Amino acid sequence: MSDTVNASEALRPASGQDAPHTPGASVRPARAKGEPRFPDGPKADPAGSHFERRIRSFQPRRSRVTAGQADALQRLWPAWGFDIDGSRRLDLAEFFGNDHPVVLEIGFGMGEATAQMAAADPATNILAVDVHTPGQGNLLNLADRLGLTNVRVGNGDAIILLREMLAPGSLGGLRVYFPDPWPKKRHHKRRLIQPEFLTLAATRLAPGAVLHCATDWEPYAEQMLDVLTAHPDFENTRADGGFAPRPAFRPLTRFEGQGLEKGHVVNDVLFRRVPREGQAADRA
């Protein structure tokens, strides 16, 4: 997963005093039992029990939300955020207010790299999905501060988004940067990049769209390369069939820098969506 930053806990006030407000400090607003954390913001479990139980590639992470992140969630979620509940199919042109190509990013962490890429390429819309509430708030805050209009933030399971809420061929690209490597062998089945996921993703990618993955866990990188190479809907953008150098458009993240300092090797794989012969372009 991308890196996260946990703010320090705010100091407890003395009895009868108001809590001091420290910019950037964590906030835990008082709320009644059962009241949602952010009434107009992301839901804890947007899809609920509407879909089948299955092994997931992610685990929701609970950590403190800073005042700035909470403010962004309250102000901006109704306009720029959405819950992945599987109840509707998104009209991406209407959603973004233009017909620019849309790239789906699964797992954006704290959103710094996402915001940088969005700022550098305003003609590309980024549909960024994660389940980490502080990261969702941070990305919304960054988008607001930078004046970005080409970012929308999704909360929930990307599989449900792909399967239930996106039209066939609607995506101009897919990015999966530093997903959870699930290093233990018994957990490998939880890894996102599997043949079944690629088959689903291929139906939502337009011909020629690029699936770009990056990881600092070498065994997972090898698996990514193997399953993508074997999949009939994708072809390697590298003529030698190997890993690609980090493209200039993918920023060097703090998480990646920490891994490099520890001697980790970061590998990028970029594969292009190719239609199979006789395959219907509009398959569901």
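How do β6 and strand β8 (residues 267–273) pair, in the parallel or the antiparallel sense, and over how many bridges? They pair in the antiparallel sense, over six bridges; the views below start from the whole chain and come back to these strands.

**Overview. The whole protein, as a predicted model.** Residues are numbered from 1 along each chain as its sequence is written, and side-chain values use heavy atoms, with hydrogens and water left out. Because this is a prediction, local features need pLDDT of at least 70 and side-chain atom pairs count only at pLDDT 80 or more, while totals for chains, interfaces and linings use all residues. You'll find eight helices and eight strands here; these are DSSP runs numbered from the N terminus, with helices being H or I of at least four residues and strands E of at least two. Of the 284 residues, 50% are buried (under 20% relative accessible area, with exposed over 50% and partly exposed in between; 1.4 Å probe, protein chains only). About 14400 Å² is exposed, 51% of it supplied by carbon and sulfur atoms (Shrake-Rupley method, 1.4 Å probe; for residues, only the protein chains shown count as cover).

**View 1. Strand β6 and its two partners, β5 and β8.** On one pairing, β5 (residues 171–177) runs parallel to β6 (residues 205–215), joined by six bridges; strands pair if DSSP finds at least two bridges between them. Leucine 171 stands opposite leucine 205 in this pairing. On the β8 pairing, look for threonine 215, whose bridge partner is asparagine 267.

**View 2. Leucine 171, a buried residue of β5.** Its relative accessible area is just 1%, so leucine 171 counts as buried. Proline 101 is 70 residues away along the chain, yet the two C-alpha atoms are separated by 6.9 Å. Beyond its neighbours within four places in sequence, leucine 171 is in contact with residues including Leu92, Val102, Leu104 and Ala209 (contact means heavy atoms within 4.5 Å).

**View 3. Two nonpolar cores.** A core here is a set of buried Ala, Val, Leu, Ile, Met, Phe, Trp, Tyr and Cys residues joined through side-chain atoms within 4.5 Å. The largest has 40 residues, and Leu104, Leu127, Leu161, Leu174, Ile193 and Phe197 have the most contacts inside it. Helix α5 (residues 158–165) gives this core its largest share, six residues. A second, separate core of 22 residues includes Trp77, Ala118, Ala143 and Val153.

**View 4. Glutamine 69 in helix α1 (residues 67–80).** With 4% relative accessibility, glutamine 69 counts as buried. Its side chain reaches the backbone nitrogen of threonine 66 at 3.1 Å. Leaving aside neighbours within four places in sequence, glutamine 69 touches Arg64, Met110, Pro134, Gly137 and Asn138.

**View 5. Histidine 132, in the loop between β3 (125–130) and α4 (133–146).** This loop residue counts as buried because histidine 132 has 1% relative accessibility. Histidine 132 and proline 42 are 90 residues apart in sequence and 10.0 Å apart in space, C-alpha to C-alpha.

**View 6. Helix α8 (residues 254–261) and its buried residues.** Glu256, Gly257 and Gly259 are the buried ones to look for. They cover an arc of only 160° around the axis, so they sit on the same side of α8 (the arc is that of the directions from the helix axis to the C-beta atoms). After α8 comes glycine 263, with a positive phi near 90°.

Notes: A polar contact is a pair of N or O atoms within 3.5 Å; within protein, one must be able to donate a hydrogen and the other to accept it, and residues adjacent in sequence count only if both atoms are side-chain atoms.
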